[in-house]
Amino acid sequence: MKKTTPVSFANVEITNGFWAKKQELNRTVTLDAVRKQFENTGRFEAFKFNWTEDSDLPQPHIFWDSDIAKWMESAALILRKHSDPELEKKVDEIVDLIEKNQGEDGYFNIFFTVCEPEGRWQNRDAHELYCAGHLTEAAVAYYEATGKIKFLKLMCKYMDYIAKVFAEEKSTAFATPGHEEIELALIKLYRCTSDERFLKLARFFIDERGKETLPITAWCNTKYNQSHMPVREQRTAEGHSVRACYLYSGMADLAKEIEDEELLVACKALFDNIVQKRMYITGGVGSSHEGEAFTVDYDLQNDTAYAETCAAISLAMFANRLKEIDMDSKYADIVEKVYYNGFLSGISLDGKAFFYENPLEILKAEHNRHASVNKSRERFPITRRQEVFSCSCCPPNITRFIAAFGDYMYSFDAEMLYVHQFAQSNANFAIGSNSVSVVQKTEYPNDGKLTLTVTGLNGKKLAVRIPFWSVDTVIDKPYTVEKGYAVIDVTEDVFAVEIEFDMTPRIFAAHPLVFADNGRFALQSGPLVYCLESEDNGENLRDIAVLKNGTFTVHYDEFFGVNVITAKAQRTDVGDCNALYRPVEQMKTIETDARFIPYFGFANRSDCDMLVWFKLA
Ligand code: FUB
Ligand code: ZN
């Protein structure tokens with residue numbers, strides 16, 4: 001197993017451009033918007049453990065702990081870069097409440113302390129271990145940001161208790177979590193503390209999964225939470241997509257730590273199954289609302305796409321970990337696809353509202369049709385982001401994912417520095433005893449030009465990802481291509497490389513077995529997938545046919561912060577004839593311009609129809 005070491009976001013400054021703006025909005029607007037919503041809905045208050053049946057307080061939900069934990073983790077990531085005493089105080093207050101309300105034995109869970117104490121460790125699907133995992137991730141991030149150790153110690157104590165009841169005594173009603181997350185959190189805790197007990201517990205939960213005899217309930221089977229077989233035997237991504245990709249992320253982490261080739265084989269097969277057969281062009285996964293789940297190969301309906309924001313994030317987390325043990329550009333390609341598309345659509349351009357589901361088509365007429373013959377389809381049409389949800393896992397996942405962009409950019413081994421993601425930035429870190437700095441100058445994703453200047457790498461190699469969509473890449477230094485990376489010898493102490501990726505707008509087709517996309521095409525330029533909205537193109541987007549040999553006009557749009565694209569197209573001219581059916585030779589078309597906007601920007605101007613997969617003429 002060839003391993004690389006990732007460079008932490010703490011060593012990377014995104015200095016300008018697209019992601020700098022997103023991170024600034026995240027810090028100054030989104031984090032606080034999420035905090036206010038979590039305050040209004042009683043989530044913060046719940047940490048006081050004041051709820052009783054007679055109180056006026058809303059009853060805590062089984063995973064409110066995790067919502068606040070992800071918010072705390074986001075705050076910690078932001079604090080690592082920007083001092084903010086008020087924000088730090090807010091986090092400290094919650095840490096104090098956790099300390100106050102943690103059991104003597106180390107247990108900490110709001111719902112199963114104040115609402116249902118007799119239910120502790122009785123229900124596999126009640127998210128206790130999931131909440132413990134998120135709290136632990138937050139504790140590690142907060143320790144790394146501030147050096148304050150209290151929260152970390154509280155979570156170490158909790159994990160010791162979990163090890164005791166699950167692994168030693170086996171006194172719980174189930175052996176592994178119904179919602180994975182604790183596995184990857186334990187490995188983070190191990191990496192932070194170097195305490196082997198946490199690695200051992202992560203390994204226990206991963207090894208035990210799929211070995212238990214579990215009841216098949218009316219609403220789900222064992223595939224739902226990836227318990228249908230031991231994880232090393234799994235080859236297809238099954239069940240709830242966030243659970244799946246959190247598990248796979250933990251498996252990849254464990255494979256790296258214990259150099260487990262069998263786990264790596266499973267991870268590679270699971271990844272390939274997802275990205276070759278079960279993923280939207282946006283990087284969204286989990287096509288079914290039922291079970292928020294993966295379904296079967298090539299089942300990628302567009303208007304009913306579930307594609308939860310958290311699921312896209314979890315896929316990027318998995319891909320990012322896999323690249324550390326199986327270096328290949330296909331992993332960072334997926335990270336990029338997620339960041340710019342299926343994840344980023346999850347947040348409004350003003351940074352205050354969120355999508356839980358990320359459809360690839362909004363077709364209001366289709367939902368009206370359902371409403372006329374049946375009852376209206378409950379979740380449809382999804383035309384507007386919300387500030388908070390009753391199940392609000394996505395917003396604080398978004399805040400931590402934006403803050404962590406720098407984590408995904410670089411990694412290295414003894415010979416090579418890998419550049420995975422592109423953004424105007426400065427990075428400073430050490431490789432062994434060498435101080436290395438990397439400066440990226442670029443307008444990416446609005447321009448494919450990139451100047452990379454590395455210092456301190458003389459005699460080693462630089463490996464720059466060539467994105468899968470860049471058909472014609474120009475690099476001003478000699479290079480060879482290894483697994484999708486341009487490998488360049490670094491021959492000077494201060495070494496600069498000029499690169500130009502090919503951002504030509506390109507039309508993509510889906511595999512013919514994706515019946516939802518048969519006869520339809522998608523537009524991509526650089527990493528961005530585009531869509532049509534009726535706001536720009538009028539109603540009935542499905543009627544628009546883009547001219548195959550037409551030209552694309554690209555220009556920067558301030559509102560979206562990236563380029564928009566205009567294409568020559570045609571649509572049906574009904575003229576004076578309103579016949580429902582007519583001979584095809586009487587069909588007339590008119591020329592039109594189709595205006596494409598970035599997919600991530602849909603539903604920011606009005607409640608309107610949207611379409612990713614269009615016709616060609
Ligand atoms: O169950 C906790 C979180 O809420 C999951 O990760 C999401 O899919 C949503 O179900
Ligand atoms: Zn979510």
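Note on the ligand 1 pocket and the zinc site

1. Cys393 has a relative accessible area of 5% and is therefore buried. The model is a predicted one, and this cysteine is a convenient place to start reading it. Cys393 belongs to the residues around ligand 1, and its SG atom is also a donor to the zinc ion (ligand 2).

2. The zinc ion (ligand 2) takes its other donors from Glu308 (OE), Cys310 (SG) and Cys394 (SG), with the coordination distances running from 2.0 to 2.4 Å. The four donor atoms make angles of 94 to 120 degrees, and the site is tetrahedral. Along the chain, the donors are spaced as E-x1-C-x82-C-C.

3. Two further donor residues can be checked for exposure. Glu308 has 2% relative accessibility, so it counts as buried, the cut-off being under 20%. Cys310 is likewise at 2% relative accessibility and therefore counts as buried.

4. The cysteines invite a check on sulfur pairing. With a cut-off of 2.5 Å between cysteine sulfur atoms, the number of disulfides is zero.

5. Glu308 also ties the zinc site to the ligand 1 pocket: besides giving an OE donor to the zinc ion (ligand 2), Glu308 has a side-chain N or O atom 2.6 Å from an oxygen atom of ligand 1. Two histidine side chains make similar approaches to ligand 1 oxygen: the distance to an N or O atom is 2.7 Å for His127 and 2.9 Å for His240. On its own, ligand 1 would expose 270 Å², of which the protein buries 95%.

6. The shell around ligand 1 divides into six nonpolar, three polar and two charged residues. Its members include Phe63, Tyr130, His179, Val242, Glu292, Tyr356 and Cys391, along with His127, His240, Glu308 and Cys393, already mentioned above.

Technical notes
Residues numbered from 1 in each chain as written. Chains lettered and ligands numbered in written order. Predicted model: local features only at pLDDT ≥ 70, side-chain atom pairs only at ≥ 80, totals over all residues. Heavy atoms only, no water. Near = heavy atom within 4 Å. Polar contact = N/O pair within 3.5 Å; in protein donor to acceptor, adjacent residues only side chain to side chain. Areas by Shrake-Rupley, 256 points an atom, 1.4 Å probe, with all protein chains shown as cover. Nonpolar A, V, L, I, M, F, W, Y, C, P; charged D, E, K, R; others polar. Donors = N, O, S within 2.8 Å, 3.2 Å for Na, K, Ca; no water. Tetrahedral: all angles 85-135°; square planar, octahedral: opposite > 155°, others 65-115°. Buried < 20%, exposed > 50% of the residue type's maximum accessible area, 1.4 Å probe, protein only.
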